[in-house]
Each structure stands twice: as C-alpha cells, then as structure tokens.
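I wanted a quick look through this one before moving on. These are my notes, in the order I looked things up.

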Amino acid sequence: MSFALSDEHEAIRAAVREFGENEIEPVAAEHDQNKEYPEEIRRKAAEYDFVGASIPTEYGGAGMDKLSSIIVTEELWRADPGIGSAVGSASFGTNMIVRFGDEWMKEEWLPKIASGETASASAISEPAHGSDVAGMETTAEKDGDEFVIDGNKTWITNGTVADVAVIMAKTTPGAGHKGITAFLVPTDIEGFTAEKIDNKLGIRASDLGELFLDDVRVPEENVIGEVDRGFYQLMEFFAVGRTGVAAQAVGCAQGALDAAMEYADEREQFGQKIREFQAIEHKIADMATKVEAARSLTYRAASQIEQGNQDVAAKYSSMAKLFASEISVEVADEGVQVHGGAGFVTDFPAERYYRDARITKIYEGTSEIQKNIISDQLF
C-alpha cells in the first residue's frame, strides 16, 4: 500500500524540520549532557502547534489527523530524540481525557497543555508491573464522594514536570484488568510526590519520574470514563501509542542516517572521502532502505488508525513498533560504525542517537510483547 502525502502533510513536515534545525539541533548536545528538561523549547513548539497536535481545535489544539501527528513526532525525533520526546510527550494522557473525560476536564486542562503552559503525564507502570498492566497494585478506595489513591508508579514520562496526571488504579482489587479505573489527578494535591529518575542511558532531556501516592484524595468527578473500565478505555489507545513509538524510532534512525551521511561526506582517508568506499556506500544504502521500510509500515499503521480499523490497526501498530524500533537500533549502531572512533565520543551526535534509539524497543510494550500481540492477531 502506497502513502502519497498531501501538500498539507508535506508542509507540516517542512515546518517541524525547520523548527528542529533552528531550535533543537543547536542545543541538543547541551541538554543531553546536562540532563536538562527543555521547557522553553516546549513552550515555543506549542506556538507552532507541535504540542498536543491531535488535541481538538476547540480546546486549543491543532486537531491534526493521525498521519500528521506521526510526522510531527518523526521530525522532532529526527532533530533530537531527547528534546523530541520532551515536546512530543507533553500531552501524554490527553487522548484519554478527550475520549472519555467530562467537559470540565477538557476545558480546564487541554488548552493549558496545547499552549505549552504545562505538561501532562500518564501513570500506568509500577516497580513490579510493567508489561503486566492488569497486575498493578495501586488502589483507589471509595470514601464517601471521594476516592483515596495509594500506590507507587514508576518510569513516568513528565513525572516531575507535569501539573496533571492520568493515573490508573485498582478500584476492584483481585479483578485483574476488569477492576482498573482512570483518574484525573493534579500533581499539586496533598499526598502526591515525585522523584526524578536521571540516571538514564538515553533521551536524557526528557523528564522521567517515580510517583508516590499516599492517601491522595480526589473527588469522584475526577474519574475518567467509568469505574472499573479503565483498562478497556486504555486499550483503545494501544495502537496509537505503539504507532507513536514507531514514529519516534523512524525519526531517530533518520537522524542517525543523516549524521552518518554528513560525516562520510566530510571525512577523508587514503586521499578520498570515505563515502566513496564501497563498504561505506553499502552501509548507507542498507541503512536508508531499512529506514524507508520502517517509515512505510509506520504510515500504514497510522492510516489504519485514522480509518478506524481497530483490529487491523492493532496488528500493524505492533508490527510497526517492533520493526521500527529494531531497525532504529541497527541503523544507529551502523551510524556509529561509519563514524569510527569519532562515533564513540560526544563530539558527534552518532553516539547520542545510538543511546536514544534503545528505549524504543522497551516502552509501550517490549519487542517480545509486540511479537506476542502480532502472533495472536495472525492466528
């Protein structure tokens, strides 16, 4: 299946690429080295509708279709995965609010997120439960017209910078995935604390935190959707999340390829540019082919989501996430090889792309989990 991008899609790509080249690339190494969250860049990106691209226009978002938002993600990660992650993830959890939240939730929080005023977070994973979402131990117990939330969440993107979080908790312990509920929780509420996780291999400019919920009380109106239906609500966005990570992986791989090509065109050995050696030519050719294949599969998944083909989208999103993440690591690795010793130090972006690519094989479902999903879809 071919994907002919519209003029609008091409315009969006050009705009994000220009933003990346002007605003992100010049400071990428600095933010990575200092593990510094790029709040100023996030706010500036929001001025161009690159934050919360899929948030409806009536709430201040760009209302982009799925392919458009995928292109935004891809180009942000092409410029730099760490800063790209910080900008692209600033609206985490808003899909749940848009689809299942009450009107007051949308009016209060979506405009703030879309404008770059604040970031949101989605809190699912726990220290003992990553892939096993149904095994989560965080609880929310009804007490009058409130719910009392207790538990511990970890690996939470924007955990220490978000002003609001969508928190998944067990409202019927022992019921597995049938007893999970989504809650809208402001992070300045009593009993809510967050600690930064900054000893990361890659995407160091992106905020990651661990959340501690100790008798956090929220009104029952803060339930997003229905009690005990949180897992099923979450399932509607698995394909979206996985396709998003596939786009991240494609962008990271393209960035690594760009860096390798630039270096190969500048570096000389034995009296000629190294790009003229067949060994390097073949590496570049292989890298470019893999990136384009991953891009095509990712766009196909995005197209199925846009068309509302849920079962097909579930299969292709897992395929895209699996393939693109594996390819991203391979291409970034070859990028380091093209650079030789220069790829092993921070003077060039090759090592950064190599470190950053690795996370795409882990979050939103590991490669192993994706293979299970794909197999289930095939039989």
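**Helix α11, three stops**

I started at Glu334, which is found in helix α11. A reminder to myself: this is a predicted model. Buried or exposed, or something in between? I got a relative accessible area of 25% for Glu334, so I put it down as partly exposed. Leaving out residues up to four places away in sequence, I found that Glu334 touches Lys283 and Met287. I also checked a distance from here: the C-alpha atoms of Glu334 and Lys200 are separated by 22 Å, and the two residues are 134 apart along the chain.

Next I went to Val336, also found in helix α11. Its relative accessibility is 15%, and because the cut-off for buried is under 20%, Val336 counts as buried. Which residues does Val336 touch, not counting those up to four places away in sequence? I listed Gly343, Ala350, Glu351 and Tyr354. For a long reach across the model I took Val336 and Asp150: they sit 186 residues apart in sequence and 45 Å apart in space, C-alpha to C-alpha.

My last stop in helix α11 was His339. I noted 4% relative accessibility there, so His339 counts as buried. With residues up to four places away in sequence set aside, His339 touches Ala259, Ala260, Tyr263, Phe348 and Ala350. Ala350 had already come up as a contact of Val336, so I followed it into the next helix.

**Helix α12**

How many of the eight residues of α12 are buried? I counted seven in this helix, which covers residues 350–357, and wrote it down as mostly covered. The buried ones are Ala350, Glu351, Arg352, Tyr353, Arg355, Asp356 and Ala357. I noticed charged types on that list, including Glu351, Arg352, Arg355 and Asp356. Then I asked what covers the buried residues of α12. The cover includes α2 (28–34), α4 (66–79) and α5 (81–88), along with α9 (238–266) and α11 (310–339). The α11 entry goes with what I saw above, where Val336 touches Ala350 and Glu351 and His339 touches Ala350.

**Strands**

I looked at β1 (residues 119–123) next. Four of its five residues are buried, so the strand is largely enclosed by the rest of the structure. Which way do β1 and β4 run relative to each other, parallel or antiparallel? They run parallel, and five bridges join β1 to β4 (residues 162–170). For one pair across the two, I noted Ser122 opposite Val166 in β4.

Then I checked β2 (residues 139–143) and β3 (residues 146–157), which run antiparallel with five bridges joining them. Lys142 stands opposite Phe147 in β3. The hairpin of β2 and β3 has two residues between the strands, and Gly144 there takes a positive phi near 65 degrees.

**Positive phi outside glycine**

Most residues other than glycine have a negative phi, so I kept an eye out for exceptions. I wrote down Asp228, with phi near 70 degrees. Asp228 has its place in the loop between β8 (223–224) and α8 (230–235). I also wrote down Phe270, with phi near 55 degrees. Where is Phe270 found? I placed it in the loop between β9 (268–269) and β10 (272–273). Phe270 has a relative accessible area of 76%, so it is exposed.

**Whole chain**

I left the overall numbers for the end. I have 13 helices and 10 strands for the protein chain. The C-alpha trace spans about 80 × 45 × 40 Å along its principal axes. Why does the radius of gyration pass as that of a compact globule? For 379 residues such a globule would come out near 21 Å, and the protein chain has 21 Å, so the two agree.

Buried residues make up 52% of the 379 in the chain. Of the contacts with a separation of 6 or more, 74% come from residues 24 or more positions apart. I put the accessible surface at about 16,800 Å², with 47% of it belonging to carbon and sulfur atoms. On charge, I have 35 positive and 67 negative side chains, and the centres of the two sets lie 5 Å apart.

Note on methods:
Residues numbered from 1 in each chain as written. Heavy atoms only, no water. Rg over C-alpha atoms; globule rule 2.2 N^0.38 Å. Buried < 20%, exposed > 50% of the residue type's maximum accessible area, 1.4 Å probe, protein only. Contact = heavy atoms within 4.5 Å. Areas by Shrake-Rupley, 256 points an atom, 1.4 Å probe, with all protein chains shown as cover. Charge placed at Lys NZ, Arg CZ, Asp CG, Glu CD. Pairing = 2+ DSSP bridges.
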